[in-house]
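Open the model in your viewer and keep the sequence panel beside it. The stops below say what to select and what is there.

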Amino acid sequence: MASGKKTPFSDRLDFDRNSPLESVTNLNIPLLMWCGKEDTQVDPFQSMEYYLALRRLGKKCIFLQYPKEDHTLMDPMNQEDLSLRILQWFDYFLKDQNKAEWITAGTL
(Lines give C-alpha, C1' and ligand atoms only; values in the text may rest on other atoms or scores of the structure.)
Protein backbone atom coordinates (compact mmCIF):
# COMPACT_ATOMS: atom_id res chain seq x y z
CA MET A 1 0.00 0.00 0.00
CA ALA A 2 1.63 3.23 -1.15
CA SER A 3 0.25 5.57 1.51
CA GLY A 4 1.08 3.25 4.40
CA LYS A 5 -2.40 3.92 5.81
CA LYS A 6 -4.06 0.85 7.32
CA THR A 7 -7.55 0.05 6.05
CA PRO A 8 -10.05 -2.37 7.60
CA PHE A 9 -9.06 -5.02 5.04
CA SER A 10 -5.32 -4.46 4.90
CA ASP A 11 -4.59 -7.06 7.58
CA ARG A 12 -6.29 -10.28 6.54
CA LEU A 13 -5.64 -11.94 9.93
CA ASP A 14 -7.51 -9.18 11.78
CA PHE A 15 -10.37 -9.43 9.31
CA ASP A 16 -10.60 -13.23 9.66
CA ARG A 17 -10.29 -13.08 13.46
CA ASN A 18 -13.41 -10.87 13.62
CA SER A 19 -15.48 -13.13 11.38
CA PRO A 20 -18.42 -14.95 13.04
CA LEU A 21 -17.24 -18.10 11.24
CA GLU A 22 -14.03 -18.00 13.28
CA SER A 23 -15.91 -19.09 16.41
CA VAL A 24 -18.68 -21.18 14.84
CA THR A 25 -17.31 -24.37 16.42
CA ASN A 26 -17.70 -22.84 19.90
CA LEU A 27 -21.49 -22.45 19.69
CA ASN A 28 -23.04 -24.82 22.22
CA ILE A 29 -26.63 -23.59 22.41
CA PRO A 30 -29.56 -23.97 20.03
CA LEU A 31 -29.71 -20.95 17.72
CA LEU A 32 -32.75 -19.46 16.01
CA MET A 33 -31.72 -17.04 13.26
CA TRP A 34 -33.86 -14.84 11.03
CA CYS A 35 -33.48 -12.16 8.40
CA GLY A 36 -35.36 -10.36 5.69
CA LYS A 37 -34.49 -11.60 2.21
CA GLU A 38 -34.10 -7.98 1.10
CA ASP A 39 -31.86 -6.95 4.03
CA THR A 40 -29.56 -4.12 3.02
CA GLN A 41 -27.66 -3.92 6.32
CA VAL A 42 -26.58 -7.56 6.68
CA ASP A 43 -26.26 -9.53 3.47
CA PRO A 44 -28.72 -12.46 3.72
CA PHE A 45 -26.11 -14.67 2.02
CA GLN A 46 -23.75 -14.12 4.98
CA SER A 47 -26.51 -15.24 7.34
CA MET A 48 -27.05 -18.29 5.13
CA GLU A 49 -23.32 -19.08 5.17
CA TYR A 50 -23.29 -18.97 8.97
CA TYR A 51 -26.38 -21.20 9.12
CA LEU A 52 -24.83 -23.71 6.71
CA ALA A 53 -21.62 -23.81 8.74
CA LEU A 54 -23.67 -24.59 11.87
CA ARG A 55 -25.61 -27.32 10.08
CA ARG A 56 -22.43 -28.92 8.74
CA LEU A 57 -21.11 -29.04 12.30
CA GLY A 58 -24.32 -30.69 13.53
CA LYS A 59 -25.36 -27.70 15.67
CA LYS A 60 -29.00 -27.17 16.59
CA CYS A 61 -30.12 -24.21 14.52
CA ILE A 62 -32.96 -23.00 12.36
CA PHE A 63 -32.78 -20.09 9.95
CA LEU A 64 -35.93 -18.17 9.04
CA GLN A 65 -35.99 -15.91 5.99
CA TYR A 66 -38.83 -13.51 5.39
CA PRO A 67 -39.52 -12.54 1.75
CA LYS A 68 -39.93 -8.86 0.88
CA GLU A 69 -38.50 -7.79 4.26
CA ASP A 70 -35.46 -5.66 5.02
CA HIS A 71 -33.37 -5.64 8.21
CA THR A 72 -36.45 -4.93 10.32
CA LEU A 73 -39.62 -6.91 9.72
CA MET A 74 -42.37 -4.45 8.82
CA ASP A 75 -45.20 -6.72 7.66
CA PRO A 76 -47.49 -7.32 10.68
CA MET A 77 -48.06 -10.94 9.63
CA ASN A 78 -44.31 -11.61 9.58
CA GLN A 79 -43.89 -9.83 12.92
CA GLU A 80 -46.56 -12.05 14.43
CA ASP A 81 -45.06 -15.18 12.85
CA LEU A 82 -41.61 -14.41 14.22
CA SER A 83 -42.97 -13.57 17.68
CA LEU A 84 -44.83 -16.88 17.85
CA ARG A 85 -41.80 -18.84 16.65
CA ILE A 86 -39.53 -17.19 19.23
CA LEU A 87 -41.99 -18.12 21.99
CA GLN A 88 -42.22 -21.69 20.67
CA TRP A 89 -38.42 -21.86 20.48
CA PHE A 90 -38.05 -20.87 24.13
CA ASP A 91 -40.89 -23.20 25.16
CA TYR A 92 -39.19 -26.06 23.34
CA PHE A 93 -35.64 -25.55 24.58
CA LEU A 94 -36.23 -23.99 28.01
CA LYS A 95 -39.51 -25.53 29.15
CA ASP A 96 -39.38 -28.92 27.39
CA GLN A 97 -42.74 -28.25 25.75
CA ASN A 98 -42.25 -30.19 22.52
CA LYS A 99 -45.28 -28.86 20.66
CA ALA A 100 -43.61 -27.08 17.74
CA GLU A 101 -43.28 -29.53 14.85
CA TRP A 102 -41.36 -26.98 12.74
CA ILE A 103 -38.52 -27.24 15.27
CA THR A 104 -38.37 -31.03 15.40
CA ALA A 105 -38.73 -31.35 11.62
CA GLY A 106 -36.03 -28.74 11.06
CA THR A 107 -37.95 -27.39 8.09
CA LEU A 108 -40.64 -24.81 7.59
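Colour the protein chain by secondary structure: from the N terminus on, its elements run α-β-α-β-α-α. That makes 4 helices and 2 strands; helices (H or I, at least four residues) and strands (E, at least two) are DSSP runs, numbered from the N terminus. The model is predicted, so local features need pLDDT of at least 70 and side-chain atom pairs count only at pLDDT 80 or more, while totals for chains, interfaces and linings use all residues. Residues are numbered from 1 along each chain as its sequence is written, and side-chain values use heavy atoms, with hydrogens and water left out.

**The whole chain**

Show the surface. The protein chain exposes about 8200 Å², an area computed by the Shrake-Rupley method with a 1.4 Å probe. Carbon and sulfur atoms supply 54% of that area. Of the 108 residues, 27% count as buried; buried means under 20% relative accessible area, exposed over 50%, and partly exposed in between (1.4 Å probe, protein chains only). Contacts (heavy atoms within 4.5 Å) can be sorted by distance along the chain: among those with a separation of 6 or more, 56% join residues 24 or more positions apart.

**The cores**

Select Leu32, Ile62, Leu64, Tyr66, Leu73, Leu82, Trp89, Tyr92, Ala100, Trp102 and Ile103 and show their side chains. These 11 residues form the largest nonpolar core, a core being a set of buried Ala, Val, Leu, Ile, Met, Phe, Trp, Tyr and Cys residues joined through side-chain atoms within 4.5 Å. Which elements give two or more residues to this core? They are β2 (61-66), α3 (76-94) and α4 (101-105). Next, add Leu27, Met33, Tyr51 and Cys61 in another colour; they are among the 10 residues of a second, separate core. In soluble globular proteins, nonpolar side chains tend to be buried together.

**Strand β2**

Stay on β2 and pick phenylalanine 63, which is found in this strand. The residue counts as buried because its relative accessibility is 9%. Draw a distance from its C-alpha atom to that of cysteine 35: the two residues are 28 apart along the chain, and the atoms are separated by 8.1 Å.

**Helix α2**

Select residues 44-56, which make up helix α2. The helix has 13 residues and reaches 18 Å from its first C-alpha to its last, close to the 18 Å expected at 1.5 Å a residue; the expected span is 1.5 Å times one less than the number of residues. Its buried residues are Pro44, Ser47, Tyr50, Tyr51, Ala53 and Leu54. What covers them includes β1 (31-36) and β2.

Now go to aspartate 43, in the loop between β1 and α2. This residue caps the N-terminal end of α2, with a side-chain oxygen 2.8 Å from the backbone nitrogen of phenylalanine 45. Aspartate 43 is partly exposed, with a relative accessible area of 37%. Its C-alpha lies 9.4 Å from that of histidine 71, a residue 28 positions away along the chain. After α2 comes glycine 58, which has a positive phi near 75°.

**The loop between β2 and α3**

Lysine 68 sits in this loop. Although not a glycine, lysine 68 has a positive phi of about 60°. Is its side buried or exposed? Lysine 68 counts as exposed, at 76% relative accessibility.

**Helix α3**

Select α3, which has 19 residues and reaches 27 Å from its first C-alpha to its last, close to the 27 Å expected at 1.5 Å a residue. Show its buried residues: Asn78, Leu82, Arg85, Trp89 and Tyr92. Look down the axis of α3: the buried residues fall within an arc of 95°, so they line one face of the helix. The arc is that of the directions from the helix axis to the C-beta atoms. Exposed on the other side of α3 are Pro76, Leu87 and Leu94. The cover over the buried residues includes β1, β2 and α4.

At the N-terminal end of α3, aspartate 75 is the cap: one of its side-chain oxygens lies 2.7 Å from the backbone nitrogen of methionine 77.

Finish just after α3, at aspartate 96, where phi is positive at about 55°. Aspartate 96 is not a glycine and lies in the loop between α3 and α4. With a relative accessible area of 63%, aspartate 96 is exposed.

Terms used. A polar contact is a pair of N or O atoms within 3.5 Å; within protein, one must be able to donate a hydrogen and the other to accept it, and residues adjacent in sequence count only if both atoms are side-chain atoms.
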